[in-house]
Amino acid sequence: DNPSAQRWSSIDANSIGSDENRNVRDDAARQASVLLRNLGGALPLEPGNTIVVVGPQADNGYGYLPDYFGDEVCPTDSNSPYRCIPTIYQAIREYNVKGH
């Protein structure tokens, strides 16, 4: 197919990362969230309990990004470009201040 005949070919660079596009992205992410059943009443977590967080993405913000995410993930943090993305482990550790 001729690239100029495709809808995406008319998108200019100023549109990429625009507020409108970010809002669409954020809305899609909210709609894609999965809620888990609370079998056995494990939730909400009680602070101070020992909790195990396992898996390849437990403490890795990079894994939460799409395949084509660009360079502006955390533009204010030059030390770690993914530090602004809280991981599951970080969120539980922050909430569970007296736990392990």
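The chain holds two helices and zero strands. The model is predicted. Helix α1 spans residues 19-31, and α2 spans residues 88-95. Of the 100 residues in the chain, 10% count as buried. The accessible surface comes to about 8,900 Å². Carbon and sulfur atoms account for 53% of that surface. Contacts were also sorted by sequence separation. Among those between residues at least 6 apart in sequence, 55% join residues at least 24 apart.

The segment before α1 includes W8 and I16. Together with I11, these two residues make a nonpolar surface patch of about 380 Å². W8 has a relative accessibility of 56%. The cut-off for exposed is over 50%, so W8 counts as exposed. I16 has a relative accessible area of 64% and is therefore exposed as well. Residues up to four places away in sequence set aside, I16 touches I11 and N21. I11 is thus both a contact of I16 and a member of the patch with I16 and W8. N21, the other residue touched by I16, falls within the 19-31 range of α1.

The structure holds one salt bridge. Its partners are R25 and D26, whose side chains meet at 2.8 Å, N to O. Both residue numbers fall within the 19-31 range of α1. The relative accessibility of R25 is 47%. For D26 the value is 29%. Partly exposed covers the range between the buried limit, under 20%, and the exposed limit, over 50%. R25 therefore counts as partly exposed. D26 is placed in the partly exposed class because its accessibility is 29%.

The loop between α1 and α2 contains T50. T50 has a relative accessible area of 57%, so this residue is exposed. T50 and N96 are 46 residues apart in sequence. In space, their C-alpha atoms are 8.6 Å apart. N96 follows directly on α2, which ends at residue 95.

In outline, the predicted model has two helices and zero strands. A nonpolar patch is made by W8, I11 and I16. The one salt bridge of the structure joins D26 and R25.

Note on methods
Residues numbered from 1 in each chain as written. Predicted model: local features only at pLDDT ≥ 70, side-chain atom pairs only at ≥ 80, totals over all residues. Heavy atoms only, no water. Helix = DSSP H or I, 4+ residues; strand = E, 2+ residues; numbered from the N terminus. Buried < 20%, exposed > 50% of the residue type's maximum accessible area, 1.4 Å probe, protein only. Patch = residues over 30% accessible without salt bridge, like charges linked within 9 Å, V, L, I, M, F, W, Y side chains within 5 Å. Areas by Shrake-Rupley, 256 points an atom, 1.4 Å probe, with all protein chains shown as cover. Salt bridge = Lys/Arg side-chain N within 4 Å of Asp/Glu carboxyl O. Contact = heavy atoms within 4.5 Å.
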